[in-house]
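This report describes one predicted model, beginning with its interior and then turning to the chain as a whole. Please keep the sequence and the structure in view while reading.

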Amino acid sequence: MKEASTANSLGFGVRFGDVNNFPAVNTLGLSVNRVDIAPGGNVPLHSHPRASEANFVLKGKVFVGFVSGSNVLYSKVLKSGEMFIVPKGLVHGLVHFLKNVGTGKAVVIAAFNSQLPGAALLANTLFASNPIIPNDILAKNFQVDENIIATIKSKFSNQTK
């Protein structure tokens, strides 16, 4: 797969190998993505509602982790040639992340047991939903002032209520 651009605020890019972008995987129950991560860049907290994920580090040094349904963080720094499994998003691996902790660009191959695993980015889900989640509800959940929620929402969209 061709390299993905990491020229964004998070410093990562993905080349999707799912059924939408690679029709040959239709009905095969698998997909494979290439993830490029700039030094210091990260793949934000997210989950895959329809698949488990196997991450194989092709290049670089990557800190990976997931939070279990019982709020336990399972994490490890992986080097080139190592692999990390993230259980399906609904029960065991509620959210997971990857961060490049090396000095050069990291490349990860993410394989899924679904032709369309889906991805729910936690921050986007909470702060850029449509219709919006009211600020007072998010403020109570995060135990912060509503102005903080409005500031966070402004980073994701023009919706601040």
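## The nonpolar core

In this predicted model, the largest nonpolar core is made up of 17 residues, and the members with the most contacts inside it are V35, I37, V62, L98 and V108. Two or more residues of this core come from each of the strands β2 (31-37), β5 (61-67), β7 (83-86) and β9 (106-112), with β9 providing the largest share, namely 4 residues. In soluble globular proteins, nonpolar side chains tend to be buried together.

I37, one of the core residues with the most contacts inside the core, can be followed outward to its neighbours. Leaving aside residues up to four places away in sequence, I37 touches T6, G11, F12, N42, V43, L98, N100, K105, A106 and V108; among these partners, L98 and V108 are themselves listed with I37 as having the most contacts inside the core.

## The surroundings of V57

Is V57 buried or exposed? This valine, which is found in strand β4 (residues 53-59), has a relative accessible area of 1% and is therefore buried, since the cut-off for a buried residue is under 20%.

Which residues does V57 touch, not counting those up to four places away in sequence? Its partners are V62, L78, K79, S80, G81, E82, V107 and V108, and of these V62 and V108 are also named among the core residues with the most contacts. F84 lies 27 residues from V57 along the chain, and the C-alpha atoms of the two are separated by 8.7 Å.

## Overall fold and dimensions

The chain contains 3 helices and 10 strands, and, read from the N terminus, its elements follow the order β-β-β-β-β-β-β-β-β-β-α-α-α. Of the contacts in the chain with a separation of 6 or more, 68% are accounted for by residues 24 or more positions apart.

A compact globule of 161 residues would have a radius of gyration near 15 Å, and the 17 Å of the chain agrees with this. The C-alpha trace spans about 45 × 40 × 30 Å along its principal axes.

## Surface and charge

Of the 161 residues, 35% count as buried. The accessible surface of the chain comes to about 9,100 Å², and 58% of this area belongs to carbon and sulfur atoms. As for charge, the chain carries 15 positive and 8 negative side chains, and the centres of these two sets lie 5 Å apart.

Technical notes: Residues numbered from 1 in each chain as written. Predicted model: local features only at pLDDT ≥ 70, side-chain atom pairs only at ≥ 80, totals over all residues. Heavy atoms only, no water. Rg over C-alpha atoms; globule rule 2.2 N^0.38 Å. Buried < 20%, exposed > 50% of the residue type's maximum accessible area, 1.4 Å probe, protein only. Contact = heavy atoms within 4.5 Å. Areas by Shrake-Rupley, 256 points an atom, 1.4 Å probe, with all protein chains shown as cover. Lys, Arg positive; Asp, Glu negative; His and termini not counted. Charge placed at Lys NZ, Arg CZ, Asp CG, Glu CD. Core = buried A, V, L, I, M, F, W, Y, C linked by side-chain atoms within 4.5 Å.
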